[in-house]
Amino acid sequence: MAVIIKDTGEGHISLSLNATGLSKELLLLRAEHGRLVAAKNSLQQDYNQARGDRSILQAQINREKAQQDRMLSQIKTLEEQQKEQALRVSRLELSCNRCPSEWEVEKDTCYYFPTPARVQRKGWNDAKADCITRGAQLVVIDTLEKQKFIAGVVRTRHSEGFNYISGYWIGLSEQEEGWHWITGSLITTGYWMPGEPNDYGVGAEDCAATYPKVDPLQTWNDAPCSYPLMWICEKNATSLAGSS
Ligand code: BGC
Ligand code: CA
């Protein structure tokens, strides 16, 4: 007890201080204060450490999130590629064994496009005879779809561009009645280049060829039948495997 209060019984109160007790208490309080300050500092340190850890973790989360986004987009790309591959496989399965090797199949028809680097150009009659030896005939382009397909193939094979020997004979020639297919029917629609057919020059231009032109609907030219060009044969594809 640091402070002693006594009633003397004579109307006075005596008050005495126990200085030793007070100084002890002060020491205790100081020690307690010191401990509290140390505890506070240590907590402050822990707190700072935790804040530091938290921002490191946050940065890590952000990195992992970005990585996850990259992987998700890779998965998407791979899924798209897989779909394309599956389509290619089913197209290949459909065309498998339906045409001689190196012929192209489109719908139910096989097409032969000789390669200029490997095959000599021929006049229209020799080209026609070549198709016959292959069990085929010079191509008859009597639908828009067929014209677009053939124009596309000719153009991709002749990416170096157009000139008058880059043509492919088709099964179309001119006689008195006009332009007709080798099947005998007269043409209804012609996909001539602008200004063609023009029967150019001294010799008559009585045979038709298709050329690598940008507009797939304007690719034909009439040329002299003896002109050496490439040519296109066609024949029916064998029926689909498994179908009757
Ligand atoms: C003409 C064509 C023709 C060709 C024959 C060109 O200059 O424009 O119409 O068929 O020559 O080589
Ligand atoms: Ca011409």
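Look for Trp103 in this predicted model, and you will find the charged end of Lys235 sitting over its ring, 5.0 Å from the ring centre. A second arrangement of this kind involves Arg134, which lies over the face of Tyr112 at 3.9 Å from the centre of that ring.

From charges over rings, let's move to rings beside rings. Counting ring centres that lie within 6.5 Å of each other, the model has 11 aromatic pairs. One of them joins Phe162 and Tyr164: their centres are 5.1 Å apart and their planes stand at 75°, so this pair is edge-to-face. The label follows because planes over 60 degrees apart count as edge-to-face. Phe162 is partly exposed, with a relative accessible area of 30%, and Tyr164 is partly exposed too, at 40%.

Now turn to Tyr191 and Trp220. Their ring centres are 5.5 Å apart, with the planes at 85°, so this pair is edge-to-face as well. Tyr191 belongs to the loop between strand E7 (178–181) and strand E8 (207–210), while Trp220 is in strand E9 (residues 220–223), so the contact ties together parts that are 29 residues apart in sequence. Are these two residues buried or exposed? Tyr191 is buried, at 10% relative accessible area, and Trp220 is buried at 0%. Both values fall into that class because buried means under 20%. The two rings also have company: ring pairs link Tyr191 and Trp220 with Trp179, Trp181 and Trp192 into a cluster.

Strand E9 and the loop between E7 and E8 come up again at the calcium ion (ligand 2), through Asn221 and Glu205. Which atoms coordinate this ion? They are Glu196 (OE), Asn198 (OD1), Glu205 (OE), Asn221 (OD1), Asp222 (O) and Asp222 (OD), at 2.2 to 2.5 Å. Notice that Asp222 appears with both O and OD. Along the chain, the donors of the calcium ion follow the spacing E-x1-N-x6-E-x15-N-D. Within this set, Glu205 in the loop and Asn221 in strand E9 link distant parts of the chain, 16 residues apart. Glu205 and Asn221 are both buried.

Finally, follow the chain back to helix H1, which covers residues 19–95 and includes Gly52. Gly52 is partly exposed, with 28% relative accessibility. To get a sense of distance here, pick the C-alpha atoms of Gly52 and Thr77: these residues are 25 apart along the chain, and the two atoms are separated by 38 Å.

Technical notes
Residues numbered from 1 in each chain as written. Chains lettered and ligands numbered in written order. Predicted model: local features only at pLDDT ≥ 70, side-chain atom pairs only at ≥ 80, totals over all residues. Heavy atoms only, no water. Phe/Tyr/Trp six-rings, centres within 6.5 Å; stacked < 30°, edge-to-face > 60°. Buried < 20%, exposed > 50% of the residue type's maximum accessible area, 1.4 Å probe, protein only. Helix = DSSP H or I, 4+ residues; strand = E, 2+ residues; numbered from the N terminus. Lys NZ or Arg CZ within 6 Å of the ring centre and 35° of its normal. Donors = N, O, S within 2.8 Å, 3.2 Å for Na, K, Ca; no water.
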